[in-house]
Structures are given as C-alpha cells and as structure tokens.
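New to this one? Take a look at the fold below, then use the notes underneath to find your way around.

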Amino acid sequence: MIRVFSTYLYFNQPLTPEVLRQIKAAELNHLEIFAGRYHFDYAERASVQQMADWLADRELHLHSVHSPIYLDDESRRRSEHPISIAEPERVRRLEAVDEVKRVLEVAEVIPFRYLVQHLGLSHELFDQRKFDAAFNSLEHLSVFAKQRGVTIALENIPNELSTAANLLAFIEQTHLRDLRICFDAGHAHLEEGVAAAFSVLKELVVTMHLHDNLGDRDAHLFPYEGSIDWDAALKAFGQREGELPFVLELKDHSVAEPLRQAQEVFRRFEIALAAEPR
C-alpha cells in the first residue's frame, strides 16, 4: 500500500510551507494536490516553481493532482462557475479543457503521475450529448497529458455519467485506451456499493480515494467514522493484483489532530491488508 495524503483537507486555504511542513512531520510523504487557484495557483508559472521548491525542500513527492471543479482565482476561495469537460455547450467546454490543460502543464515543472478527472458535475443525469462532449474533451486532453508523462484517471462520482458501469462503457466505447480510473470508495458507498463498484472497475484502477460517509451525503469523513464496511472494502481491494496508492481525501474539520488520525487510519489499513490471505 502506498500512503498518499490529499490536500483537500486544506482546500479553503492557501497551500503554504507551514501546511507542507506539518504533512511532512506526520511522515505523509506522497501528496495529491487538489487544484484550485486560491489553494495553489497552478496557472501562474512562478507559483508552480515556488511549489516545486517547497516540495523538494521537504522531500515530498507529488503523486497526483485533482483537476479543478470550479473556476476561481488567487483572491477568492471558489466561484459559482463549475468546470465540466462534459459540457455540451462548446464555448464553456473549451474553457474547461483549457483550464485542465493549465493543470497538466504543472507536470513540466513538478512531475506527477495521475490527473484525477471528474466526468460531469455531481448529481447530473445521463445525457448522450454529455458523453459525446466528454469524448471530444478527453480525446485531446489524453494526448496533452501523455506528452507530459501524466495519465488521466476518471473518478467515479455521484452522477449518472460516472457510475462504475458507465465509466467502463465510456472507456470501451470511445477507445481512449490511455484513460484509467481513480476509484473513490466514499462515492461508491453512496451509489452501487464499494465492493460492487470496485469489481467492475478494478482492472483499470490506478489510484484510490478513500473517505467515509453515512450513506446520505458526500461527507468525506475519516475512514471508520461512517458506515462503510472497511473490512469488506479492503478485502475487495486486496483481490486486485499489484500495489495500489491509497489516497486519503478528507474534509472533516471536527477532528482535533487530523494528521495524527490519518496516520492511524493508514496503520489500520496496513494491518487489515496484511491479514488478508493471498
């Protein structure tokens, strides 16, 4: 198991050297940065170089970047303008594609392996036009990513475009063979169930998002704080050949010492996985 910590916990504040120092002190050496210009100004070359220096100084490795889901800038936390590469309206879709390209260009300065990408917005209904729009976007973005050593990993999210079955069908039908999957356990728990969804996607999964909820909303709780059966989930994950990165993607600010608790969650995962028969 590869331990990865997502900066999503700190998304409503700038990603500063002090935040990175705290993460490093907790021995969480691999990161996923959640892209938002207020959090990390990925579109500004000087900001990207500064982040590269901060990460190098602390010997932190950038595993992945989560593609932005809203347009914002360095002066505010979030706009009301969502980004969707599955937007049927051409001008807005191309605007979204351009924003994703700015994120991918980060890899020219800070190499990372995976870009985690949503297909549409939360709670969207299925629409073939949106699938077609997503194909047009990803046909271009896949090439752009590959040129920079990055693999795009589509994430299962709570919408009808991104069920496990529909993500698999999208990749098979579009023949975009470079696409892979970021499996999100918390989102699967809200939909078809963790083990069921993972069984559909497991051959394409290259990275994971792990968080919990009570089955009612996307709360991003710490694992073992919601209603996911983690013993069953880890058993399902263990059936996949090869080591998977486990990315903790949390936004629960009620925990007094979140980094210490993150360490404890990883420890529990490792104990449980070691107990699984091979």
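Here is a short tour, going from the overall layout to single residues.

Keep in mind that this is a predicted model. At its heart, 8 strands close into a barrel in the order β1-β2-β3-β4-β5-β6-β7-β8, with parallel pairing. Ignoring direction, neighbouring strands of this sheet are turned by 30° against each other on average.

**Strand pairs in the barrel**
- Start with β1 (residues 2-6) and β2 (residues 30-34), which run parallel and are joined by 2 bridges. Ser-6 has Glu-32 in β2 as its bridge partner.
- Further round, 5 bridges join β4 (residues 114-118) to β5, again running parallel. Here Tyr-114 has Thr-151 in β5 as its bridge partner.
- On to the next pair: β5 and β6 (residues 180-184) run parallel and are joined by 3 bridges. Glu-155 stands opposite Cys-182 in β6.

**A closer look at β5**
- Strand β5 covers residues 151-155, and 4 of its 5 residues are buried, so it is largely enclosed by the rest of the structure.
- β5 belongs to a right-handed β-α-β unit with β4 and helix α4 (residues 128-146).
- β5 also makes a right-handed β-α-β unit with α5 and β6.

**Helices lying across the strands**
- Helix α5 lies across β5 and β6, and runs at about 145° to β5.
- Helix α8 (residues 230-238) lies across β6, β7 (205-210) and β8, and runs at about 170° to β7.

**Where α5 meets α7**
- Helix α5 (residues 164-174) packs against helix α7 (residues 194-201) at an angle of about 10°, with the axes 9 Å apart. That angle makes α5 roughly parallel to α7.
- On the α5 side you'll find Ala-164, Ala-165, Leu-167 and Leu-168, which meet Ala-197, Val-200 and Leu-201 in α7. What kinds of residues make up this contact of α5 with α7? There are 7 nonpolar, no polar and no charged ones.

**One residue to find: Phe-246**
- Phe-246 sits in strand β8 (residues 245-248). Is Phe-246 buried or exposed? Its relative accessibility is 3%, so Phe-246 counts as buried, the cut-off being under 20%.
- Leaving aside neighbours within four places in sequence, the contacts of Phe-246 include Met-1, Ile-2, Arg-3 and Val-4. Also among them are Met-208, Leu-210, Phe-266 and Phe-269.
- Between Phe-246 and Lys-202 there are 14 Å in space, C-alpha to C-alpha, and the two are 44 residues apart in sequence.

Conventions:
Residues numbered from 1 in each chain as written. Predicted model: local features only at pLDDT ≥ 70, side-chain atom pairs only at ≥ 80, totals over all residues. Heavy atoms only, no water. Axes fitted to C-alpha atoms, helices over the stretch in contact; angles between N-to-C directions. Helix = DSSP H or I, 4+ residues; strand = E, 2+ residues; numbered from the N terminus. Parallel < 35°, antiparallel > 145°, perpendicular 65-115°, else oblique. Contact = heavy atoms within 4.5 Å. Nonpolar A, V, L, I, M, F, W, Y, C, P; charged D, E, K, R; others polar. Buried < 20%, exposed > 50% of the residue type's maximum accessible area, 1.4 Å probe, protein only. Pairing = 2+ DSSP bridges. Right-handed = clockwise from strand over helix to strand, strands pointing away.
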